[in-house]
Amino acid sequence: MSSPDRYAVFGSPIKHSKSPKIHKLFAEQTKQSMEYTAQEVPAEAFKMAVSSFFKAGGKGLNCTLPLKELAWAYADNSTDRADLSKAVNTLILQEDGSVLGDNTDGCGLVRDLTLNNKINIKGSRILILGAGGACRGIIAPLLELAPHHMVLANRTVQKSSDLAAEFCIFGDIEGCGFADLKRQQFDLIINATSASLNDQTPPLPENILAEDGVCYDLAYGNRPTSFVLWGMDHHAKKSLDGLGMLVEQAAEAFFTWRKARPKTKPVIDALNALRRFN
Ligand code: NDP
């Protein structure tokens, strides 16, 4: 019997990654012969670690913090969505031995919002907090769904203004600082800052969330994040964290490797059952 195909996630820190569990459940569900491990790889060891992995017969990798930009630079070729985000979270060994880079984060968010949570994007007013790597990956896929307009608000205002200028070909988008968010209301507020990781929430005006508005934090944990709690306190119709996005981006990566699309709901349910809330 041939040995299972090898996949892995590289990152630092990686100890608490849920990706091995997610891909194990996907593989069982779709009856794929594969193994998926998590490997601690700091930025300075990235190139060597990736080359060794593929030389030893590895078929595909996920890359997470702080390696996504390095993975984009490493790939021999990359998809349009990876080039737009200038970041790669999925490396795929091609038949000719070259390595293709892809970014499945934006697609993962859109699938979680629209398919799992039935949130309507078309015609909606969207606020994204943050202007870092994750923000870059989600702007174009959201603008492609034709929201009314999108505002990016970031602590460092220059970064949100620059991103808005770069993505304005995709739709109505404006960049600003938190203090500029005075009289506007939004149907969907997405927290793409890493503030939740320190139990902080960007400063937002009291009435910024429209009636029946939705809050979504890209961050996730075993407890509701500070932004999920902010959404609950401000009567959001739904206040969600990024666990669904995590599973959806993994499913898209799995699909690029195995050409089999796993069902995500049972996996999201299984991970939610391990948390103290859902
Ligand atoms: P980056 O480090 O690239 O960007 C961080 C952003 O957060 C910057 O805009 C930064 O502002 C802002 N920020 C940091 N601290 C604060 C604070 N205290 N108050 C206000 N703004 C703050 O991170 P990423 O973009 O890669 O990741 C952002 C979040 O998204 C993380 O929580 C990450 O875990 C999550 N994520 C989740 C995924 C999922 O599958 N669910 C996938 C990818 C990311 P400034 O520019 O001023 O420094």
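**Domain interface, ligand contacts and local backbone features**

Two salt bridges are counted between domain 1 and domain 2 in this predicted model. In one salt bridge of the structure, the side chains of K86 and E166 come together with an N to O distance of 4.0 Å. K86 falls in the 5-103 segment of domain 1, whereas E166 belongs to domain 2. Four residue pairs, both members at pLDDT 80 or more, are in polar contact across the interface of the two domains. On the side of domain 1 that touches domain 2, helices α4 (80-85) and α9 (243-258) each contribute at least two residues. By character, the residues of this side comprise seven charged, four polar and two nonpolar.

The division of the chain underlying this description assigns residues 5-103 and 247-273 to domain 1, and residues 106-241 to domain 2. Domain 1 is thus composed of two separate stretches of sequence, and the residues of domain 2 lie between them in the numbering. The centres of the two domains, taken over C-alpha atoms, are separated by 25 Å. From domain 1, 13 residues take part in the contact, and from domain 2, 15 residues do so. Together the domains bury about 990 Å² between them, with 55% of this area on carbon and sulfur atoms. Of the area that domain 1 buries against domain 2, 48% is supplied by K18, L84 and E248, a share exceeding that of any other three residues.

The ligand is surrounded by 24 residues, of which A134, N154, T156, K159 and Q200 are the closest. Both T156 and K159 place polar side-chain atoms beside ligand oxygen atoms: in T156 a polar side-chain atom lies 2.5 Å from such an oxygen, and in K159 an N or O atom of the side chain is 2.6 Å from one. A131 contributes through its main chain instead, with a backbone N or O atom positioned 3.0 Å from an oxygen atom of the ligand. A131, T156 and K159 carry numbers that fall within the 106-241 range of domain 2.

Over the whole structure, 14 salt bridges are found. One of them joins R81 and D102, whose closest N and O atoms are 2.7 Å apart. This pair connects distant parts of the chain, since R81 is located in helix α4 and D102 in strand β6 (residues 99-102), with their positions 21 residues apart in the numbering. Both R81 and D102 belong to the 5-103 segment of domain 1.

Several backbone features are also noted. Most residues other than glycine have a negative phi, and most peptide bonds are trans. S12 and P13 are nevertheless joined by a cis peptide bond with omega of about 5°; P13 is situated in the loop between β1 (5-11) and α1 (19-30). A cis peptide bond also runs from L65 to P66, where omega is near 0°. P66 is placed in the loop between β3 (60-63) and α3 (68-74). K31, a residue other than glycine, has a positive phi near 55° and is found in the loop between α1 and β2 (34-40). P13, K31 and P66 are located in the 5-103 segment of domain 1.

Terms used:
Residues are numbered from 1 along each chain as its sequence is written. This is a predicted model: local features need pLDDT of at least 70, side-chain atom pairs count only at pLDDT 80 or more; totals for chains, interfaces and linings use all residues. Side-chain values use heavy atoms; hydrogens and water are left out. Domain bounds come from an automatic or database domain assignment. Contact means heavy atoms within 4.5 Å. Buried area is the accessible area (1.4 Å probe) that two parts lose on being put together, summed over both. A polar contact is a pair of N or O atoms within 3.5 Å; within protein, one must be able to donate a hydrogen and the other to accept it, and residues adjacent in sequence count only if both atoms are side-chain atoms. Helices (H or I, at least four residues) and strands (E, at least two) are DSSP runs, numbered from the N terminus. Ala, Val, Leu, Ile, Met, Phe, Trp, Tyr, Cys and Pro count as nonpolar, Asp, Glu, Lys and Arg as charged, and the others, Gly among them, as polar. A residue is near a molecule or strand if one of its heavy atoms lies within 4 Å of it.
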